[in-house]
Structures are given as structure tokens and as C-alpha cells.
Amino acid sequence: NAAQTLVERWNGATWSVVASPNRGGSQINNDLRSVSCLSSVWCTAVGAASVQPGTFITQPLVEHWNGVKWSLVVNPTRGNDGAFAAVACASTTVCTAAGSDQATSGGQTLVERWNGATWSVVASPNVGMSNLFAGAACTSSTSCVAAGLSYSTSDLALIETWNGTRWSVASASLPGNVSGLEADACATATRCFAVGSYNVPGGPFESVLVLAS
């Protein structure tokens with residue numbers, strides 16, 4: 001009863017299922033959550049896989065498409081209960097995967113970077129008691145944006161930017177005191193959208209949240 005990875009491919013006319021591997025075999029839960037393709041023969045997908053049968057504790061999962069088949073890619077693990085929610089590739093040697101993992105103080109942002117040969121963890125700041133990334137977008141090796149949320153006393157949208165050297169928290173004007181971001185996309189280094197939702201002040205309803213740079 002374990003969940004398994006699912007990949008489908010579009011050939012211009014129809015979608016068809018493509019075989020994809022699972023870490024730990026058919027008894028381990030595997031889940032792909034985001035994919036980035038640079039050509040018909042180069043894609044990277046990320047998500048999470050359980051650490052053992054019957055548990056929901058996970059570690060980040062990375063797979064690569066070479067035009068013929070999908071393969072598991074080794075990536076480092078840090079902390080406990082980690083998962084990737086998004087991946088963005090600017091080139092075959094520049095990819096950023098973003099998500100979260102658990103530390104003794106709560107959920108922490110997790111960023112790993114691909115240099116064409118290996119994945120490595122890159123330090124990223126945390127704002128609240130619990131933090132996570134849900135989206136990532138990169139236009140070059142020196143320009144990426146990651147979006148998600150942080151929590152201290154309530155959820156608050158979180159945006160961080162990469163300048164080629166380090167990740168930094170970016171300020172954003174928010175319409176409500178409870179908000180979160182689910183995805184972001186950048187056409188250029190200075191033109192990005194991040195989308196999610198926020199609670200309408202004084203009301204019980206959520207509304208669409210769109211931030212633009």
C-alpha cells in the first residue's frame with residue numbers, strides 16, 4: 001500500500017506513463033512534487049521518500065531524466081523528516097531544490113544546489129519557529145527566488161533571494177496577518193510572481209495572494 005512515483009510524458013498529441021524508480025522499493029512511500037526540464041533529454045524531478053516502511057518520516061528525493069530513462073540521484077540529507085517541494089534549473093549545471101526539514105527547534109528551510117556533478121546543501125535563513133519553501137525559480141546561477149511560509153504565532157509568507165553567494169530574506173508587503181506562498185516564477189531576475197493565499201482581515205475567508213517584483 002505504499003505510494004509510488006508517477007511520471008507522464010507529452011509527445012505533442014498524447015500523454016503516456018513513463019517508468020520511474022522508487023527509493024527503497026515498492027514498500028516505501030515515494031512522492032515526486034516538482035520537475036524542471038531544459039530539453040527533451042534533460043529533466044530533474046524532486047520530492048520525498050519514506051525512510052522505512054510504514055512511516056511518514058521522509059528524506060528528500062531527486063531523480064533525473066536523460067532522454068531514455070529516469071534514475072535516482074544521490075543527494076545529501078540534513079536533519080530529520082526532510083522533503084523537497086520545488087526545483088528550478090537555469091542550466092544543466094545550475095539547479096536549486098527547495099523544501100524543508102526538521103531540526104530541534106522546528107521546521108527549517110532546506111535548499112540544495114546542483115553544480116553539474118553533485119548536490120550540496122546551501123545555508124538558508126529562517127524567520128519563524130517553523131519555516132518551509134513551497135516554490136523556487138531561477139533565471140541564472142546568480143539569481144533565484146524561493147517562496148513559502150514561516151510560522152511563529154501565525155503563518156506569514158516567506159520570500160528569499162539568491163545572489164550567487166548567499167540566500168537572504170526579502171521584504172514583502174502583505175494584505176493580511178496570516179498568509180502563505182505556494183509557488184513562484186521568474187521571467188527575468190527583476191520580474192517575478194509569487195502566488196498563494198491570505199486570510200481576509202476581519203473575515204473567516206481566504207483570498208488569493210499574488211506578489212510581484
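Guide: A disulfide is taken here as a pair of cysteine sulfur atoms within 2.5 Å. The model is a predicted one.

Visitor: What makes Cys89 and Cys95 a disulfide?

Guide: Their sulfur atoms are 2.1 Å apart. The limit is 2.5 Å, so the pair of Cys89 and Cys95 qualifies. The link is right-handed, with 110° about the S-S bond. Cys89 and Cys95 are both buried.

Visitor: How many disulfides does this rule give?

Guide: The count is four. With the bonded cysteines counted along the chain, the pattern is 1-2, 3-4, 5-6, 7-8.

Visitor: How do you know that Cys138 and Cys144 form a disulfide, and why is it called right-handed?

Guide: The S to S distance is 2.1 Å, and the cut-off is 2.5 Å. The torsion about the S-S bond of Cys138 and Cys144 is about 110°, so this disulfide is right-handed. Cys138 and Cys144 are buried.

Visitor: What joins Cys37 to Cys43?

Guide: A disulfide, with 2.1 Å from S to S. For Cys37 and Cys43 the angle about the S-S bond is 110°, and the link is right-handed.

Visitor: Why is Cys37 called partly exposed?

Guide: The relative accessible area of Cys37 is 47%. Buried requires under 20% and exposed over 50%, so a value in between is partly exposed. Cys43, at 4%, falls under the 20% limit and therefore counts as buried.

Visitor: Which strands does a hairpin of two residues join?

Guide: The hairpin joins β3 to β4. Strand β3 covers residues 30-39 and strand β4 residues 42-50.

Visitor: What makes β3 and β4 a pair of strands?

Guide: A pair needs at least two bridges, and eight bridges join β3 to β4, so the condition is met. The two strands run antiparallel. Among the partners, Val35 is bridged to Ala45 in β4.

Visitor: How many aromatic pairs does the structure hold?

Guide: It holds five. In one of them, Trp114 and Trp119, the ring centres are 5.7 Å apart and the planes stand at 40°.

Visitor: Why is that pair of Trp114 and Trp119 called tilted?

Guide: Centres must lie within 6.5 Å, and 5.7 Å satisfies that. Planes under 30 degrees apart would be stacked and over 60 edge-to-face; 40° is neither, so the pair is tilted. Trp114 has a relative accessible area of 15% and Trp119 has 7%. Each value is under 20%, so Trp114 and Trp119 are buried.

Visitor: How do you know that Trp162 and Trp167 form an aromatic pair?

Guide: Their centres are 5.8 Å apart, against a limit of 6.5 Å. The angle of 40° between the planes makes this pair tilted. Trp162 and Trp167 are buried. Together with Phe133, Trp162 and Trp167 form one aromatic cluster.

Visitor: Which residues form a nonpolar patch on the surface?

Guide: Phe193, Val195, Val208 and Val210, with about 380 Å² of accessible area together. Strands β16 (191-199) and β17 (206-212) each supply at least two residues of the patch.

Visitor: Why is Val208 called exposed?

Guide: The relative accessible area of Val208 is 62%. Exposed means over 50%, so Val208 is exposed. The residue is found in strand β17.

Methods: Residues are numbered from 1 along each chain as its sequence is written. This is a predicted model: local features need pLDDT of at least 70, side-chain atom pairs count only at pLDDT 80 or more; totals for chains, interfaces and linings use all residues. Side-chain values use heavy atoms; hydrogens and water are left out. Rings of Phe, Tyr and Trp (its six-membered ring) pair if their centres lie within 6.5 Å; planes under 30 degrees apart count as stacked, over 60 as edge-to-face and the rest as tilted. Buried means under 20% relative accessible area, exposed over 50%, partly exposed in between (1.4 Å probe, protein chains only). Patches are made of residues with over 30% relative accessible area and no salt bridge: like charges are joined within 9 Å, nonpolar side chains (Val, Leu, Ile, Met, Phe, Trp, Tyr) within 5 Å. Accessible areas come from the Shrake-Rupley method with a 1.4 Å probe; for residues, only the protein chains shown count as cover. A salt bridge is a side-chain nitrogen of Lys or Arg within 4 Å of a carboxyl oxygen of Asp or Glu. Helices (H or I, at least four residues) and strands (E, at least two) are DSSP runs, numbered from the N terminus.
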